[in-house]
Amino acid sequence: AVVSTQSTGALAGHSMGGHGTLVIGMRNPCMFKCLVAISPISNPILGKWGIKAFTNYLGPDQDTWKQWDATELARTYSGPPLEILVDQGADDRFLAEELMTDNFVSAANQNAALNVDYRLREGYDHFYPYICTFLGEMFQYIATKLS
């Protein structure tokens, strides 16, 4: 089997998929050159939904949870440089208690291997109109990073 050591792809996702994007990207550092996380669940070990999901899927051991939490992974990431666009609606009703995007951005900004472009969009929430408004910018970000 041929294993590439060069990051050549991009990965993007929204909400739970945004969390998956961040986790998959940081856990597989040689696969992706850039990530786009749109309104990502960013620190699930601290949110009600995340605690319930992690307990059900991973069991009660919170040390195991850290291996699947984007913020915790950003604190310990030691792979090649990774470009990350985090796009977030400022009026997202899930932002403070479930998404906790600022926790991820803060942790990532303290890691020299992670380069985060954080775009907080005033007047936008979590849903379709917000995503549609900025999707072109997100595709442009990916195209620029992959070129």
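# Aromatic pairs and nonpolar cores in a predicted model

A search of the whole structure finds five aromatic pairs. One of them joins Phe94 and Phe127 in an edge-to-face arrangement, with 6.2 Å from centre to centre and 75° between the planes. The structure is a predicted model, and the points below take up its rings, its nonpolar cores and one residue of its helix α1.

**The pair of Phe94 and Phe127**

- This pair links distant parts of the chain, since its two residues are 33 residues apart.
- Phe94 belongs to the loop between β3 (82–89) and α5 (95–99), whereas Phe127 belongs to the loop between β4 (114–121) and α7 (128–146).
- Phe94 has a relative accessible area of 29% and counts as partly exposed because this value falls between the limits of 20% for buried and 50% for exposed.
- Phe127, with a relative accessible area of 37%, is likewise partly exposed.

**Other rings and the charges over them**

- Tyr124, Tyr130 and Phe134 are linked into a cluster by ring pairs.
- The ring of Phe134 also has a charge over it, as the charged end of Arg121 sits there at 3.7 Å from the ring centre.
- At another ring, that of Trp68, the charged end of Arg27 sits over the ring and lies 3.6 Å from its centre.

**The nonpolar cores**

- The largest nonpolar core has 20 residues, and those with the most contacts inside it are Leu22, Met26, Ile84, Phe104 and Leu114.
- Two or more residues of this core come from each of the elements α1, β2 (32–38), α4 (70–76), β3, α6 (101–109) and β4, and α6 gives the most, with four residues.
- Leu22, one of the residues with the most contacts inside this core, touches Leu35, Ala37, Pro40, Ala70, Ile84 and Phe104 when residues up to four places away in sequence are not counted.
- A second core, separate from the largest one, has ten residues, among them Leu85, Tyr130, Phe134 and Met138.
- Tyr130 and Phe134 therefore appear twice in this account, as members of the ring cluster and as members of the second core, whose residues are all buried by definition.

**Thr21 in helix α1**

- Thr21 is found in helix α1, which covers residues 16–27.
- Thr21 counts as buried because its relative accessibility of 3% is under the limit of 20%.
- Leaving out residues up to four places away in sequence, Thr21 touches Leu11, Ala12, Gly13, Leu35 and Val36.
- Leu35 is thus touched by Thr21 and also by Leu22.

Notes
Residues are numbered from 1 along each chain as its sequence is written. This is a predicted model: local features need pLDDT of at least 70, side-chain atom pairs count only at pLDDT 80 or more; totals for chains, interfaces and linings use all residues. Side-chain values use heavy atoms; hydrogens and water are left out. Buried means under 20% relative accessible area, exposed over 50%, partly exposed in between (1.4 Å probe, protein chains only). Contact means heavy atoms within 4.5 Å. Rings of Phe, Tyr and Trp (its six-membered ring) pair if their centres lie within 6.5 Å; planes under 30 degrees apart count as stacked, over 60 as edge-to-face and the rest as tilted. A charge sits over a ring if NZ of Lys or CZ of Arg is within 6 Å of the ring centre and within 35 degrees of the ring normal. A nonpolar core is a set of buried Ala, Val, Leu, Ile, Met, Phe, Trp, Tyr and Cys residues joined through side-chain atoms within 4.5 Å.
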